[in-house]
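Work through these exercises with the sequence and the 3D structure open. Try each task before you read its solution.

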Amino acid sequence: MTAYLKLDHIDKVFTRGNATTEVLKDINLTIEKGEYVSIIGHSGCGKSTLLNIIAGLTGASTGGVLLENREVNSPGPDRAVVFQNHSLLPWLTVYENVKLGVDKVFSKTKTRAERDAWVMHNLNLVQMAHAKDKRPSEISGGMKQRVGIARALAMEPKVLLLDEPFGALDALTRAHLQDSVMALHQKLGNTILMITHDVDEAVLLSDRIVMMTNGPSARIGEVLDVPLARPRKRLELASNATYLKCRQRVLEFLYERHRFVEAA
Amino acid sequence: MNMPVKKMEMEGIAPSSSVAAPVVAMTPKRPPRSEAYARMAKETAVRVIPPLVVIALLTLIWELVCRRAGSTLPPPSRVFKDTKELIFDPFFDHGGIDKGLFWHLSASLQRVAYGYSIAAIVGIALGTLVGQSVWAMRGLDPLFQVLRTIPPLAWLPLSLAAFRDGQPSAIFVIFITSVWPIIINTAVGIRNIPQDYRNVAAVVQLNPLEFFSKIMIPAAAPYIFTGLRIGIGLSWLAIVAAEMLIGGVGIGFFIWDAWNSSHISEIILALFYVGIIGFVLDRLIAALGKFVTHGTAQS
């Protein structure tokens, strides 16, 4: 087993004045190349903090992140993030939003025409080429998130980080987008790390599910393999025994052993 | 594909179409030209008529009040009679300060253009610094808060002492008056840039210069333009006052000069122009802001 992405004894302590809060405690995780890993946990358990640490947007208090055996501690396009609220720049068109990253990452390796083609290629991957000249305010929430995914994919990241990417979408759009992400993963073989609080989403999409205990001092409580063959079909899985068993395991973890006591 | 589209257009233009193809429903029916004009005229009328009525009423009251014998101010009819030459010939130039109103106004506008441009550049730069750096804010903000309360004219003697000339002093007064709202609004805009945008910039690895031009300025643009708009209003306020003191060509001194020669009607005419130009300047900056920030205001 080759460790492509390795989280090595990560602790995170927030200090505010005299008060210190330990958010994450001793997080160890290795992710293989091409793997789809979900991190699930109740809100406030620090899963978004963990993603920010991997992305380099927040520093770990101790421990570190290794990508291909190299420590990474600042943000970069090799760990592109799809943000929860899409975070498209509203003054740029869909095309320009994707191009922003492409221009930086491929400024030396691709010509202008190649970069343009690459932007369009990625917009095509998420079926958003038709809206390339629209501004974010003119497209729907699901479409914005598609563009967010295209922007991240276009940077050719080594690891794609998804921060609750479907959280703000309605159920139908969410299902549609989940299928799209599954298809992209199948096609491109990206390594993906996704933060979620949706059990079905985690089981449907992931190869492994990392379950986090409640904070403060959240740890990895359990890691569950999801031995379901790909490509996965949402409808067929609904009655699949393995699927149901995995789902059951996650539900038990979240609602029995690590119930969220204080309602958020 | 082209054929049906063409056909639909032709149907739209044709006065009566007997062919009711199902595709017709797809295109929004274009209302006849005359109808569109009628609607436009109506919309304009709704906006223009009320202020016109109010202006007419106020003028009437003014006329009635000032017409009586012993009135200190001239009624509108007198104002018009006295200033007819100034209104219809704004371009005369008899040398010295005996010039048409156009020259006075353009001299004032020129001073405002210089002072305000410097204020915009300095204000946005300082505002960015203060918005971006906590230490710059802690150091400079108290200073700004005190300095911005100093009335524009209080700066004039000091700048006259420093520059020993009217022109740069007036420009300095414009600058120092309009720079504060630009600084403060820019700083607020920069401070309010959502963390999300900063994260995007960090992941994409924009360098500081790219971050400034591609994220900061567009994200803070609505705030910056609020500051610019307040700034242009203040500089127009300041120039009239400053020119009264420094003399020379300029609408401010024109008013002062008219007062000294008891031409009250000329003062009223000048005030009218000052108001109109202030309004136009404000609208210009607002329109520029609207043009630049299209898409930024909503997210």
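**Exercise 1. What percentage of the contacts in chain B with a separation of 6 or more join residues 24 or more positions apart?**

Solution. Start with the term: a contact means heavy atoms within 4.5 Å. Now take the contacts in chain B with a separation of 6 or more; residues 24 or more positions apart account for 66% of them.

Some ground rules apply throughout. This is a predicted model, in which local features need pLDDT of at least 70, side-chain atom pairs count only at pLDDT 80 or more, and totals for chains, interfaces and linings use all residues. Residues are numbered from 1 along each chain as its sequence is written, chains are lettered from A and ligands numbered from 1 in the order in which they are written, and side-chain values use heavy atoms, with hydrogens and water left out.

**Exercise 2. Describe the secondary structure and burial of chain B.**

Solution. Step one: count the elements. Helices (H or I, at least four residues) and strands (E, at least two) are DSSP runs, numbered from the N terminus. Chain B has 11 helices and zero strands. Step two: take burial. Buried means under 20% relative accessible area, exposed over 50%, partly exposed in between (1.4 Å probe, protein chains only). Of the 299 residues in chain B, 36% are buried.

**Exercise 3. Decide where chain B should be read with care.**

Solution. Use pLDDT, the predictor's confidence in each residue, from 0 to 100. Chain B has a mean of 86, and 88% of its residues reach 70 or more. Residues 1-25 of chain B stay under 50. For that stretch the model has six contacts beyond four places in sequence. Where pLDDT is low, the predicted coordinates should not be read in detail. For the model, the scores are ipTM 0.86 and pTM 0.78.

**Exercise 4. Find the cavities and list what lines them.**

Solution. Terms come before numbers. On a 1 Å grid over the protein atoms alone, a cavity is a set of points where a 1.4 Å probe fits but cannot get out; a pocket is an open set with protein on both sides within 12 Å along at least five of seven lines; lining residues have an atom within 4 Å of a point. Grid points are joined across faces, edges and corners, and a volume is the space filled by probe spheres set on the points.

Two cavities have 30 Å³ or more. The largest holds about 50 Å³. Its lining includes Ile149(A), Leu160(A) and His185(A). α5(A) supplies the largest share, three residues. For classes, Ala, Val, Leu, Ile, Met, Phe, Trp, Tyr, Cys and Pro count as nonpolar, Asp, Glu, Lys and Arg as charged, and the others, Gly among them, as polar. This lining has seven nonpolar, two polar and no charged residues.

The second largest cavity holds about 40 Å³. Among its lining residues are Phe83(A), Arg151(A) and Val203(B). Helix α8 of chain B (residues 195-204) gives the most, three residues.

**Exercise 5. Examine the second largest pocket.**

Solution. Its volume is about 360 Å³. It has 13 lining residues; the closest to its centre are Thr59(B), Trp62(B), Pro76(B), Ile268(B) and Phe272(B). α3(B) gives the most to the lining, with five residues. By class, the lining has 11 nonpolar, two polar and no charged residues.
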